[in-house]
Amino acid sequence: IFKNLDTFELFYDVAFGAGGIYVVGHFQTAVKLGPSITLTPGAGSAEEGFVAQFSTTGTALAAVQTVGNGGTIYLSHVAATPSGVVVGGFLEPGNATFGGKPLVGTGAWIAALDLSNQVQWAIPLQSGVGLQAIAANDTELRVVGSFDKQTSFCTSVLPVAGDKDAFVWGL
């Protein structure tokens, strides 16, 4: 589907949902996903993340990207739901927005988009948290990952038991 991609335009994950096929990844230079969709990095960002929606025949339909002002931002996980997608990624270091929602600091983050690709919410997780997988349906979200220092998700506090600990978190 894509030609002339360099090593900084990478796809990490794919999901099939009600809106079609969703792909997440990151890029460093402008990327053309189809005749009408071009992703452009923010000023001063090393890399930007994106989620792109494609039809089942491979036509690019829409894309939402991060817009940062420094550092590296990427999306590495996507899970489709009947009403949209949930994505997860990493921000290091700096501030960014994703569909107009702020992302601040360093660490993993997750966000939800509806079927019209509008970002409904974005939640930054703490530094030291790594995402391994995301699973979701319309009523539940599970995030699997690791952490290397005491971490909290909303009201849950996870103390460190070893050098690297794992979690399954439900939202």
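Here are five exercises with worked solutions on this predicted model.

**Exercise 1. The overall build**

Task: Find how many helices and strands the protein chain has, and work out how its radius of gyration fits the globule rule for 171 residues.

Solution:
- Step 1. Start with the secondary structure: the protein chain has 17 strands and zero helices.
- Step 2. Compare the two radii. The chain has a radius of gyration of 16 Å, close to the 16 Å from the globule rule for 171 residues, so it is as compact as a globular protein of that length.
- Step 3. Add the outer dimensions: along the principal axes, the C-alpha atoms fill a box of roughly 50 × 35 × 25 Å.
- Step 4. Look at the inside and the outside. Of the 171 residues, 45% are buried, while the accessible surface comes to about 8,100 Å², with 55% of it belonging to carbon and sulfur atoms.

**Exercise 2. The largest nonpolar core**

Task: Identify which residues of the largest nonpolar core touch the most other members, and which strands each supply at least two residues of this core.

Solution:
- Step 1. A general idea helps here: in soluble globular proteins, nonpolar side chains tend to be buried together.
- Step 2. The largest nonpolar core has 19 residues, and those touching the most other members are Val 51, Val 87, Phe 98, Trp 109 and Leu 113.
- Step 3. Now trace the strands. At least two residues of this core come from each of S2 (20-27), S7 (72-81), S8 (84-92), S9 (95-98), S11 (107-114) and S12 (119-124).
- Step 4. Apart from this core lies another, of 15 residues, including Phe 90 and Leu 131.
- Step 5. Zoom in on Val 87. Leaving out residues up to four places away in sequence, Val 87 touches, among others, Val 24, Val 51, Phe 98, Trp 109 and Ile 134.

**Exercise 3. Three aromatic rings**

Task: Describe how the ring of Phe 50 is arranged with the ring of Phe 11 and with the ring of Phe 27.

Solution:
- Step 1. The structure holds six aromatic pairs. For the pair of Phe 11 and Phe 50, the centres are 5.9 Å apart and the planes stand at 80°, so this pair is edge-to-face.
- Step 2. Place this pair in the chain: Phe 11 is in strand S1 (residues 10-17) and Phe 50 in strand S5, so the pair ties together parts 39 residues apart in sequence.
- Step 3. Turn to Phe 27 and Phe 50, which form a tilted pair, 6.1 Å centre to centre with 55° between the planes. Phe 27 lies in strand S2 and Phe 50 in strand S5, so this pair links parts 23 residues apart in sequence.
- Step 4. Put the rings together: Phe 11, Phe 27 and Phe 50 form one aromatic cluster.
- Step 5. Check the burial. Phe 11 is partly exposed at 37% relative accessibility, whereas Phe 27 and Phe 50 are buried.

**Exercise 4. Asp 138 in its loop**

Task: Locate Asp 138 and find its polar contact with a side chain.

Solution:
- Step 1. Asp 138 sits in the loop between strand S13 (129-136) and strand S14 (141-147).
- Step 2. Its relative accessible area is 45%, so Asp 138 is partly exposed.
- Step 3. Beyond its neighbours within four places in sequence, Asp 138 contacts Thr 81, Pro 82 and Ser 83. With Ser 83 there is a side chain to side chain polar contact of 2.6 Å.

**Exercise 5. Ser 55 in another loop**

Task: Decide whether Ser 55 is buried or exposed.

Solution:
- Step 1. Ser 55 belongs to the loop between strand S5 (48-54) and strand S6 (60-68).
- Step 2. The relative accessibility of Ser 55 is 16%, so this residue counts as buried.
- Step 3. Not counting residues up to four places away in sequence, Ser 55 touches Ile 21 and Leu 61.

Key: Residues numbered from 1 in each chain as written. Predicted model: local features only at pLDDT ≥ 70, side-chain atom pairs only at ≥ 80, totals over all residues. Heavy atoms only, no water. Core = buried A, V, L, I, M, F, W, Y, C linked by side-chain atoms within 4.5 Å. Buried < 20%, exposed > 50% of the residue type's maximum accessible area, 1.4 Å probe, protein only. Helix = DSSP H or I, 4+ residues; strand = E, 2+ residues; numbered from the N terminus. Contact = heavy atoms within 4.5 Å. Polar contact = N/O pair within 3.5 Å; in protein donor to acceptor, adjacent residues only side chain to side chain. Rg over C-alpha atoms; globule rule 2.2 N^0.38 Å. Areas by Shrake-Rupley, 256 points an atom, 1.4 Å probe, with all protein chains shown as cover. Phe/Tyr/Trp six-rings, centres within 6.5 Å; stacked < 30°, edge-to-face > 60°.
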